[in-house]
Structures are given as structure tokens and as C-alpha cells.
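User: I'd like to go through this model together, with a look at its charged pairs and its strands. Could you take my questions one by one?

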Amino acid sequence: MATVVRMPSVLAGATEAAIASWLVSPGDTVTVGTPIAEIETEKALVEYAAEEAGVIGRLVLAVGDSGEIGDPIAVLVADGESDADIDTALGVAPAAVTPAAPAPPATPAQSNGHRSPPSASGPRTFASPLVRKLAGEKGIDVAGLTGTGPGGRVVRRDLERFLAARPASGGTAERRPVLPPDFPRAAPAAPAAATSVGTRLIPHTPMRRAIARRLTESKATVPHFYLTAECVVDDLLALREQVNAALADGASPVRVSVNDFVIMAAAAAFGDVPEANVTWSDEGLIARDTVDLSIAVATEGGLVTPVLRSVDGKRLSGIAREARDLAARARDKRLHVHELEGGAFSVSNLGMYGTLEFSAIINPPQSGILAVGAARPQPVVTDGALAIATVMRCTLSVDHRAIDGALAARWLAAFTTRLQHPLTTLI
């Protein structure tokens with residue numbers, strides 16, 4: 001019988017995803033492992049492969065449309081199966097047809113599997129179940145929206161554009177759709193956010209909602225404590241110039257940043273204090289044999305933290321190349337799922353913006369995050385004499401369930417030593 005392909009859970013914690021592109025068309029034959037779609041999650045673009053063999057009978061979601069995890073996105077059919085079999089697999093009841101009133105020809109949206117309850121008046125408006133749910137929560141009649149999906153179907157981006165363009169106050173009242181008595185109703189909508197003249201409401205993106213959810217969870221459930229160190233980085237800056245001059249002569253030149261040295265020093269510190277390379281779980285501490293570090297990348301939609309694997313076994317130039325590749329693909333939303341998961345520790349650097357010092361929020365289930373500020377000249381005392389040195393403040397946020405104060409202080413001291421004597425990380 002026809003097999004329903006459902007929206008996969010491709011990223012831990014994600015509740016919905018969108019079809020970025022279809023790699024197949026109705027009528028195409030697929031086998032297990034055949035890529036069928038690119039699915040966009042809150043932070044990544046994932047290529048999804050078929051888990052069963054068959055023929056693409058129908059694409060349920062259009063490109064750009066969203067669905068909750070587990071929602072139908074396509075249907076596979078076997079030889080001899082028809083649209084009626086596809087409807088049965090999707091749980092869509094056939095429309096009642098009487099001799100006096102034959103059903104009209106199917107529209108392109110209907111033939112693609114998108115059937116919606118008709119309005120009491122006017123032509124039928126096609127929209128995905130998720131769009132109808134979101135529109136109902138905001139008191140918006142989808143019949144008043146202009147659809148840009150296949151066959152004029154209303155997709156999520158149409159609703160978001162309407163919300164963004166809607167005046168903050170005033171305007172005509174929104175018309176609610178007239179639905180059949182047995183049509184599922186959305187839960188009562190929460191009161192709309194208050195706006196005033198001169199303000200406008202910017203709808204939350206899935207990525208922004210994910211960031212809010214994760215950081216609220218972290219601050220509510222992870223007992224943070226903070227340690228700050230001042231690192232003299234004059235030797236590091238001088239060595240960086242020498243390294244970049246040497247790398248410039250290579251066939252594939254790459255420039256090393258201060259942050260690359262920070263990442264390498266953090267990895268070396270875990271080598272010096274391996275007992276700090278742990279994460280918390282309810283069953284026990286999870287000790288890690290390799291140093292996997294997340295790097296915070298600012299993107300247009302929000303913060304993304306791809307993971308650098310086995311940093312303790314990489315050369316400085318390799319760290320630089322891989323970090324730049326991950327950052328570039330993070331901004332283009334081309335990261336793979338495995339590049340966003342795992343890791344015990346993060347590095348977040350705001351020094352390039354002139355920020356002197358800040359405290360970062362831990363990304364669960366990791367145990368810590370290092371917040372790196374700007375390197376600035378300031379007075380220091382060396383061997384009892386006053387001098388001027390370039391100093392960078394680094395603040396360590398720690399999960400107290402996994403790492404105690406003394407252990408965190410030992411790790412931060414090891415990191416400071418490695419950063420102030422950068423040659424020790426290269427030999």
C-alpha cells in the first residue's frame with residue numbers, strides 16, 4: 001500500500017522544519033538512501049534520504065512550506081496504486097459527489113494533495129495545516145492572504161509577510177474563516193503583543209524561538225558560576241604575525257586569527273586538566289577522550305554553534321581553515337546536523353566588536369563556555385615594575401553540577417598559561 005513519508009526529526013529539539021527544495025518529482029523511482037529533499041531546520045540545511053523504496057506518488061508540502069515533525073511530506077506508491085490509495089494513506093476522505101452536482105476538476109493544489117475545508121462563501125483557499133493553525137491563533141482568515149505556493153496555495157512565508165506588513169495598530173478587523181463544525185480548532189490564542197504608534201511587530205523566526213527556548217532552559221536548569229582571568233597576549237600577537245607571514249607563502253594561504261589561538265589554547269588546557277573534559281547526565285558524568293569545541297558564529301538569524309572535532313589533534317592552520325569553513329557555511333545555513341551536535345565546551349569571542357568583558361550562557365548539555373573580550377593596552381605590574389601590556393579578559397561560565405570551583409580555576413589557569421605562552425601549543 002501507499003507509504004507516507006513524514007517530516008523527520010533531523011535536529012535534536014526541533015519541533016518543525018521546512019522544505020527547502022525537492023530533489024525528486026512525482027513519478028520518480030527512489031531506493032533506500034536516495035536523496036529526496038533538502039530540509040531546513042532552525043539552524044541547518046539537511047539532505048534527507050528515502051528510508052523506503054517506491055515511486056513518488058505525491059509531494060504533500062511545497063517548497064518553502066513548513067511542517068511539524070511527523071507531518072506527511074510525501075507519499076510513495078507501488079505499481080497499480082492511484083490517487084485514491086494516496087488519499088487513504090493520508091487519511092483524506094474522498095469528497096461526496098452526487099449525480100446532480102459533479103465535483104469540479106481538481107486544481108493543481110488539490111492534485112498535489114493539499115485539500116482544505118471550504119469556506120461558506122467564495123472560492124476555496126488552499127493552505128497547509130500548519131499555516132491554518134498559525135493563522136487561526138492570530139485571528140487571520142487565510143482567504144484574505146495571497147498564496148505564492150503551487151496553484152496559489154498559501155504557505156508559511158505568505159503568512160509571515162502579511163504579519164510583517166500589517167500595521168501595528170488600527171486598520172480593519174480581520175475576518176475569521178467559516179469552518180465546518182467538525183473541523184479541528186486551534187487552542188485559544190494568547191493576547192497579542194501590545195504595540196503603539198511608531199512601533200511594529202517582527203514575527204519570531206523558528207531560529208529565534210529555538211534560541212529563546214534553549215537559553216531559557218539553560219539559565220533555569222543549569223547552575224552557572226563564573227571565573228574571569230586577564231591574559232597578557234603581546235607574545236601571541238607577535239607570534240600570529242610571524243605565522244601569517246609564513247603561511248602567506250603557501251599554495252593555499254590562510255590567515256590565523258586571535259580566536260584560532262584561543263581555540264588551540266582551550267584544547268591544550270583540556271589536555272593539561274583532562275578531568276574538566278566532562279559533561280553532566282542524570283546517570284553520571286560523561287568523560288570525553290577527545291576535545292570537541294563549539295565556536296559561536298553570529299548569523300543573520302541568530303547565534304549558531306558548529307563543533308570543531310578533535311581539536312587537540314589539529315595544527316593551528318588546520319583549525320583556522322576548518323573554523324572559517326564552518327562559519328561560512330553556518331551563515332549560509334549549509335551546516336550538516338552532525339556539525340551542530342556534540343561537544344563539551346564552547347568559545348564565544350566578541351572582542352572584534354570592542355567588548356571588553358562579558359559572561360556567556362552555557363549551551364546544554366555542554367559544561368562550559370569561554371567568553372573572550374577585546375585585547376587592549378593597559379598598565380600591568382611585571383616583576384614589581386609598572387609597564388604597558390596588551391591584555392585580554394576571558395570569562396569562564398561553568399556548570400557547577402559537573403565541574404567544581406577549584407577544578408574550573410585549574411582549567412582557567414592552564415588556559416591562561418597556554419595563551420600567554422603560545423609557542424607551547426605549537427610544539
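Analyst: Gladly! A salt bridge here is a side-chain nitrogen of Lys or Arg within 4 Å of a carboxyl oxygen of Asp or Glu. Please keep in mind that this is a predicted model.

User: By this rule, how many salt bridges does the count come to?

Analyst: One example is the pair of arginine 58 and aspartate 83, with N to O at 3.6 Å. Another joins glutamate 230 and arginine 393, whose closest N and O atoms are 3.1 Å apart. By this rule the count comes to 14 salt bridges.

User: Which parts does the pair of arginine 58 and aspartate 83 tie together?

Analyst: The side chains of arginine 58 and aspartate 83 meet in a salt bridge. They are 25 residues apart in sequence, so the pair ties together two separate elements: strand S6 and helix H1.

User: Is arginine 58 buried or exposed?

Analyst: Buried means under 20% relative accessible area. Arginine 58 has 1% relative accessibility, so this residue counts as buried.

User: Which strands stand at the edges of the open sheet of four strands?

Analyst: The order in this sheet is S1-S8-S6-S3, with antiparallel pairing. Each edge strand has a single partner strand, so one side is left without a neighbour in the sheet; the edges are S1 (3-6) and S3 (29-30).

User: And what angle does the direction of helix H1 make with that of S6?

Analyst: Helix H1 (residues 83-90) packs on the sheet and touches S1, S6 and S8. Its direction makes an angle with that of S6 of about 75°.

Terms used:
Residues numbered from 1 in each chain as written. Predicted model: local features only at pLDDT ≥ 70, side-chain atom pairs only at ≥ 80, totals over all residues. Heavy atoms only, no water. Pairing = 2+ DSSP bridges. Contact = heavy atoms within 4.5 Å. Axes fitted to C-alpha atoms, helices over the stretch in contact; angles between N-to-C directions. Buried < 20%, exposed > 50% of the residue type's maximum accessible area, 1.4 Å probe, protein only.
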